[in-house]
Amino acid sequence: PKPTQNPKWLQNGAQLLLGDPILRPYLPSFGCLFLPLLVDDNITMMEALHSFYHNDDQIVLKAILSVFCLGFAFLLWIRPINNHAATATNACNNPSCLRCHSTSQQHAQSFQSNVMMLRRLVQLEPELFRDMRGEIWDEVAIIEQRFESNHHNTSSSSFLKQLLELLTRTRRLITLKKSHDTTNEQNMIPLSPQEGQNPTVFFLQQLEAIPLHNIEACTKQHCPCIRLWKELHLPPNAPPVKLTGDIETLKTHFSVIREELLSAIQTNTATFHPFDDAVYEHANGKEQKQQEQQAEWSSIYLYRQGIKQVDTCKKYFSITTNILETMCPHRMGGCGFGSVYFSKLKQNTKVVEHCGPTNVRLRCHLPLAVPNKTSGSYLRVGEHCVSWEEGKPILFDDSFLHSAVYAGCNDSDGSSISSDQSSGDRIVLIVDFWHPSLSVADRTALGVLYPPGS
């Protein structure tokens with residue numbers, strides 16, 4: 001019998017994967033699983049099978065491997081693959097949070113509207129988006145497929161959705177291996193995707209991916225992020241996006257930023273607000289919470305998901321805001337992925353392991369208050385660890401799995417802040433920067449897809 005009409009998301013997903021140049025060499029073993037999705041009322045299943053295997057002398061091997069893949073897929077059906085964004089164990093309880101609940105109906109509707117707007121803008125202003133990366137559209141297609149699949153809850157569609165998810169992950173693993181091999185052969189900077197890199201919202205392929213940056217290694221490797229560390233002598237015709245020196249600017253103005261923060265804390269004019277307690281825990285384990293000081297991770301936002309907190313910036317942090325807006329051209333503005341905030345960890349606090357929402361940004365910590373006798377405190381990014389030192393910026397890619405532990409100082413006199421409110425606490429200024437490899441067109445497109453407030 002002729003197959004019934006399949007949902008559009010299944011047809012699009014199958015065509016995307018079967019036509020993918022990366023997956024195509026690996027598809028003979030399980031490509032036939034998607035034949036029911038590609039045929040229509042004018043082609044029978046037997047005709048499709050004949051077309052698929054025509055003039056192929058390895059049909060027996062294909063059949064055997066296909067049966068194996070069917071059995072493996074059945075196991076996946078019994079034990080579903082959880083969506084990494086919606087069911088993450090460290091997801092917060094705020095349903096509007098883009099990082100933790102990116103596949104919710106609210107975000108799906110907003111994203112689909114923004115995609116339509118971007119397509120229209122590309123048609124109206126082709127010159128503006130001439131240098132836009134094609135990988136952005138590739139990721140848009142994957143996200144649209146994921147959104148559409150979430151609206152089908154039958155057992156058969158659940159099975160096929162998991163199979164599509166499996167193949168999507170397979171594609172990324174193949175890309176990862178090829179990227180790793182190419183990097184080793186040519187001694188190049190590794191490109192995404194990389195092991196341990198799993199952003200929850202938007203994953204742009206073929207973008208430089210280094211978990212933890214430092215100025216010496218970046219200079220030696222000619223990494224694009226060197227533009228953030230220091231001002232370079234560029235030719236007169238260099239594009240404006242390469243104006244540099246953001247981190248050097250923050251380091252130079254460390255004392256001014258710190259004094260403005262301490263003034264706000266000591267006069268109780270600015271208040272830290274705790275994050276959802278689902279994203280942090282006691283450094284010694286949850287069972288210790290009742291016996292020792294309560295863990296806490298809190299913040300004062302200057303820019304939250306791309307939206308400027310006007311009252312806070314104007315009343316309490318006008319100097320810091322001016323530095324960010326006039327001397328940091330790579331600060332991530334005009335996009336919902338970009339934030340700037342003061343982050344405070346109380347003693348014995350651990351920020352649980354998590355990945356950020358995207359790899360199109362790099363995150364900077366400017367340590368403002370770190371107790372002198374701190375021990376057992378660190379920021380871990382992938383397999384790398386680094387400790388905070390006052391006035392010494394840290395730049396990392398938060399799309400990699402990362403966490404932070406602050407054990408506190410050994411005694412109450414170790415803190416460099418005199419206020420009782422913050423005695424012994426670690427405070428850093430967190431600034432999100434655009435990935436320096438992104439063009440103006442890339443940034444504009446991402447700002448349309450994820451506008452401030454997303």
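Biologist: Is R361 buried or exposed in this structure?
Modeller: R361 is buried, with a relative accessible area of 5%. The cut-off for buried is under 20%, so R361 falls inside that class. Keep in mind that this is a predicted model.

Biologist: Where does R361 lie?
Modeller: R361 lies in strand β8, which covers residues 361–369.

Biologist: Which side chain makes a polar contact with the side chain of R361?
Modeller: That of D432, at 3.5 Å. There is a backbone partner too. A polar atom of the R361 side chain lies 2.6 Å from the backbone oxygen of F337.

Biologist: Which residues does R361 touch, leaving out those up to four places away in sequence?
Modeller: The list includes M332, G356, D397 and D398. F337 and D432 are on it as well, and so are F433, W434 and H435.

Biologist: Now the sheet. What is the general idea behind strand pairing?
Modeller: Strands of a sheet pair through backbone hydrogen bonds, and the pairing is either parallel or antiparallel. Here, five strands form an open sheet in the order β3-β7-β12-β9-β10, and the pairing is antiparallel.

Biologist: Which strands stand at the edges?
Modeller: β3 and β10. Each has a single partner strand, so one side of each is left without a neighbour in the sheet. From one strand to the next, the twist averages 20°.

Biologist: How many bridges join β9 to β10?
Modeller: Three, with β9 and β10 running antiparallel. V386 in β10 is the bridge partner of L379. The two strands form a hairpin with two residues between them. In that turn, G382 has a positive phi of about 60°.

Biologist: And how many bridges pair β9 with β12?
Modeller: Four, again in the antiparallel sense; β12 spans residues 402–406. To trace the register, take R380, which stands opposite S403. V381 stands opposite H402.

Biologist: Which residues make up the covered face of β9?
Modeller: L379 and V381. Y378 and R380 make up the uncovered face.

Biologist: Next, aromatic rings. What describes a ring pair?
Modeller: The distance of the centres and the angle of the planes describe a pair of aromatic rings. A search of the whole structure finds ten aromatic pairs. Take F275 and W297: their ring centres are 4.2 Å apart and their planes stand at 40°, so this pair is tilted. The two residues are 22 residues apart, with F275 in the loop between β2 and β3 and W297 in strand β4. F275 is buried at 18% relative accessibility, and W297 is buried at 11%.

Biologist: What kind of pair do Y316 and F317 form?
Modeller: Their planes are at 75° and their centres 6.4 Å apart, so the pair is edge-to-face. Y316 is partly exposed at 27%, whereas F317 is buried at 0%.

Biologist: Which residues do ring pairs link into a cluster?
Modeller: F111, F147, F202, F337 and Y450. F337 came up earlier, with its backbone oxygen 2.6 Å from the R361 side chain.

Biologist: Where does the charged end of R304 sit?
Modeller: Over the ring of Y301, 4.4 Å from its centre. A second case is R426, which lies over the face of W388 at 4.7 Å from the ring centre.

Biologist: What should I expect of the backbone angles?
Modeller: Most residues other than glycine have a negative phi, and most peptide bonds are trans. Q305 is not a glycine, yet its phi is positive, about 50°. Q305 is in the loop between β4 and β5 and is partly exposed at 27%. N348, also not a glycine, has a positive phi of about 60°. N348 lies in the loop between β6 and β7 and counts as buried at 15%.

Biologist: Which residues does a cis peptide bond join?
Modeller: S192 and P193, with omega about 5°. P193 is placed in the loop between α7 and β1.

Biologist: Where does F203 lie?
Modeller: In the loop between α7 and β1. F203 is buried, at 3%. Its C-alpha atom is separated by 5.7 Å from that of T358, which is 155 residues apart along the chain.

Technical notes:
Residues are numbered from 1 along each chain as its sequence is written. This is a predicted model: local features need pLDDT of at least 70, side-chain atom pairs count only at pLDDT 80 or more; totals for chains, interfaces and linings use all residues. Side-chain values use heavy atoms; hydrogens and water are left out. Buried means under 20% relative accessible area, exposed over 50%, partly exposed in between (1.4 Å probe, protein chains only). A polar contact is a pair of N or O atoms within 3.5 Å; within protein, one must be able to donate a hydrogen and the other to accept it, and residues adjacent in sequence count only if both atoms are side-chain atoms. Contact means heavy atoms within 4.5 Å. Two strands pair if DSSP finds at least two bridges between them. Rings of Phe, Tyr and Trp (its six-membered ring) pair if their centres lie within 6.5 Å; planes under 30 degrees apart count as stacked, over 60 as edge-to-face and the rest as tilted. A charge sits over a ring if NZ of Lys or CZ of Arg is within 6 Å of the ring centre and within 35 degrees of the ring normal. Axes are lines fitted to C-alpha atoms, for helices over the stretch in contact, and angles run from 0 to 180 degrees between N-to-C directions.
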